[in-house]
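Let's take a walk through this one together, looking at how its parts meet and where empty space is left. Have the viewer open as you read.

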Amino acid sequence: MKAFIENSSCISASPTFDADVFFGESIATPLANEGKLNAQDPDYKSIITDAGKRRRMGHLIKMGISSSLSALKGTNYAKPDAIMTATAMGGLEDTEKFLRCIIDNDEQLANPSNFIQSTGNTFGGQTGLLLQHHGHNVTYAHGGFSFESALIDAMLQMADDEIETALVTAADEITATEYEVMRKMGFWRNGRMMGEGSQAFLLTSSPNEKTKAAIIGLKTLKGPLSVSDLSNAIQDLTHKAGYDTEDIDLMLLGVDCDYEAEKTIIGYGKHQINYKKWCGQFATASGFGLWMANELLSRQIIPSAEEWEAAHLKLAMVYTEYRQNDYSLMLVATV
Amino acid sequence: MEQLIEEIKQYLIEDLPLEDITPAEIDAEAPLFGDEGLGLDSIDALEITIMLEKRFGIKIADPKAAKEIYSSVSSIAAYVQENRK
């Protein structure tokens with residue numbers, strides 16, 4: 001299975017929507033606001049120009065549609081063969097408003113707009129409507145494996161020659177209620193910060209002159225994992241793609257707990273990066289990891305203490321952990 | 001009546017919601033639905049029904065009458081004034 005990354009877009013807690021600016025400036029990590037890393041939103045009015053369509057969109061939908069439209073912009077694929085979206089929680093802000101209305105009004109009233117916007121598949125559906133796309137359109141709401149499941153769908157269909165292009169978009173949003181519930185569960189300890197954002201990828205089954213990188217392997221693993229489970233999985237994925245683990249130039253680690261300890265345990269990669277310091281922790285954060293892997297391989301740079309510095313990179317692995325339960329590995333290579 | 005009309009305009013902006021529109025920009029006599037006026041749709045009609053119940057405690061007894069009641073801000077205000085508890 002292989003999918004080439006034609007273009008991508010990223011909205012996150014860092015100013016990543018304009019990638020040239022983000023990678024052109026000194027390295028900076030976002031500051032948390034009461035434990036939350038809120039997205040740095042682009043000007044949605046300039047991206048979703050129809051005020052009538054925009055007025056009912058919640059934050060998740062605005063992020064998802066904007067990153068999707070941005071990933072398609074400047075490519076030759078105005079309408080991809082398939083749309084796959086990934087969100088663990090869907091429109092959580094609207095879900096909370098909808099439930100609050102029901103509770104406050106003794107189960108007698110329910111806002112239709114909030115209900116429509118609350119469902120997980122709304123931003124995929126609205127992307128389809130905006131693009132006038134009538135093909136395969138599926139949303140994956142699979143917890144910490146949502147984004148990986150969407151990618152697997154795209155890659156399998158490409159392997160079966162069912163599709164040649166796919167728009168794969170991940171999105172999840174922060175709400176104060178979710179943060180509070182997870183705080184009570186004890187999740188926001190040890191410096192963990194809640195994040196949000198949306199990453200979109202236009203994938204193709206064959207490369208062209210613009211293509212810089214491809215996803216050449218993907219694996220999901222259910223925790224708890226021992227060190228040997230993890231090591232075996234990394235070796236297995238790398239070998240199946242025709243590489244040795246020594247070939248991994250860059251390891252992008254998305255860990256929820258102790259980065260320093262986990263970095264040592266994992267051990268692979270000539271360079272290692274903790275990518276969640278730029279985006280925070282959320283169920284589809286692996287989308288940010290893949291976006292960063294593609295950008296660093298395409299630009300041939302790695303972060304040093306303060307600046308992005310030139311490096312020779314061919315192979316990167318994105319390792320993501322979510323709540324010490326859902327783990328994924330994505331192998332990305334230059335083309 | 002003028003005050004009630006302004007109140008309803010504000011509730012429409014908040015509850016539908018209407019982005020980038022101020023109360024002053026809503027013509028109380030203009031049609032709310034269709035191509036003219038605000039161009040509201042069927043989901044907005046449901047939201048107005050909820051707005052009337054939540055904000056004024058008014059239930060539309062005859063759903064067929066809703067089309068006429070919801071035709072403009074003025075017609076909604078007249079219905080509210082007549083039926084407010």
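What follows goes from the domains of chain A to the contact with chain B, and then to the pockets and cavities.

Keep in mind from the start that this is a predicted model. Begin with chain A, which splits into domain 1 (3-204) and domain 2 (215-334). The C-alpha centres of these two domains of chain A sit 22 Å apart. Where they meet, 48 residues of domain 1 of chain A are in contact with 38 residues of domain 2 of chain A. Together the two domains bury about 3600 Å² between them, and carbon and sulfur atoms carry 65% of that. On the domain 1 side of chain A, the residues that lose the most area to domain 2 of chain A are Phe23(A), Ile27(A) and Phe145(A), which together make up 22% of what that side buries.

How many salt bridges cross this domain interface? The rule finds 1 between domain 1 and domain 2 of chain A. If you look at Arg299(A), you'll find a salt bridge to Asp20(A), with their closest N and O atoms 3.0 Å apart. Asp20(A) belongs to helix α1 of chain A and Arg299(A) to helix α13 of chain A, so this pair ties together parts that are 279 residues apart in sequence.

Now bring in the other chain. The contact between the chains takes 14 residues from chain B and 13 residues from chain A. About 1200 Å² is buried between chain B and chain A, with carbon and sulfur atoms giving 48% of it. Over in chain B, Glu19(B), Ile43(B) and Ile50(B) lose the most area to chain A, and together they account for 40% of what that side buries. Salt bridges turn up here too: the count between chain B and chain A is 7, out of 20 over all chains. For one salt bridge to click on, try Arg56(A) with Asp44(B), whose side chains come to 2.9 Å, N to O.

Next, the empty space. Rolling a probe the size of a water molecule over the atoms shows where such space is left. The largest pocket holds about 630 Å³. Its lining has 26 residues, and the closest to the centre are Asn7(A), Ser8(A), Ala19(A), Ser70(A) and Glu295(A). Two or more lining residues come from each of β1 (3-11), α1 (19-24), α4 (59-72) and α13 (286-299) of chain A. Which of the elements gives the most to the lining of the largest pocket? That's β1(A), with 6 residues. By class, the lining of the largest pocket is 8 nonpolar, 10 polar and 8 charged residues. Domain 1 and domain 2 of chain A each supply at least three residues to this lining.

The second largest pocket has about 390 Å³ of space. Of its 21 lining residues, Asp94(A), Lys97(A), Asn114(A), Glu14(B) and Pro17(B) are the closest to its centre. The elements with at least two residues each in this lining are α4, α5 (92-104) and α6 (112-118) of chain A, plus α1 (2-15) and α2 (42-56) of chain B. The largest share, 4 residues, comes from α5(A). This lining divides into 4 nonpolar, 6 polar and 11 charged residues.

Finally, the cavities, of which there are 2 at 30 Å³ or more. The largest cavity has a volume of about 80 Å³. Among its 13 lining residues, the closest to the centre are Glu178(A), Met194(A), Phe282(A), Ala283(A) and Tyr322(A). Why does the largest cavity lie between domain 1 and domain 2 of chain A? Both domains give residues to its lining, so it lies between them. By class, 8 nonpolar, 2 polar and 3 charged residues line the largest cavity.

The second largest cavity comes to about 30 Å³. Its lining includes Gly58(A), His59(A), Leu60(A) and Asp94(A). Both α4 and α5 of chain A give two or more residues to this lining, and α4(A) gives the most, with 3. The class count for the second largest cavity is 2 nonpolar, 4 polar and 3 charged residues. Asp94(A) is worth a second look, as it lines this cavity and is also one of the residues closest to the centre of the second largest pocket.

Key: Residues numbered from 1 in each chain as written. Chains lettered and ligands numbered in written order. Predicted model: local features only at pLDDT ≥ 70, side-chain atom pairs only at ≥ 80, totals over all residues. Heavy atoms only, no water. 1 Å grid on protein atoms, 1.4 Å probe; cavity = no way out; pocket = protein on both sides within 12 Å on 5 of 7 lines; lining within 4 Å. Points joined across faces, edges and corners; volume = space filled by probe spheres on them. Nonpolar A, V, L, I, M, F, W, Y, C, P; charged D, E, K, R; others polar. Domains from an automatic or database assignment. Contact = heavy atoms within 4.5 Å. Buried area = accessible area lost by both parts, 1.4 Å probe. Salt bridge = Lys/Arg side-chain N within 4 Å of Asp/Glu carboxyl O.
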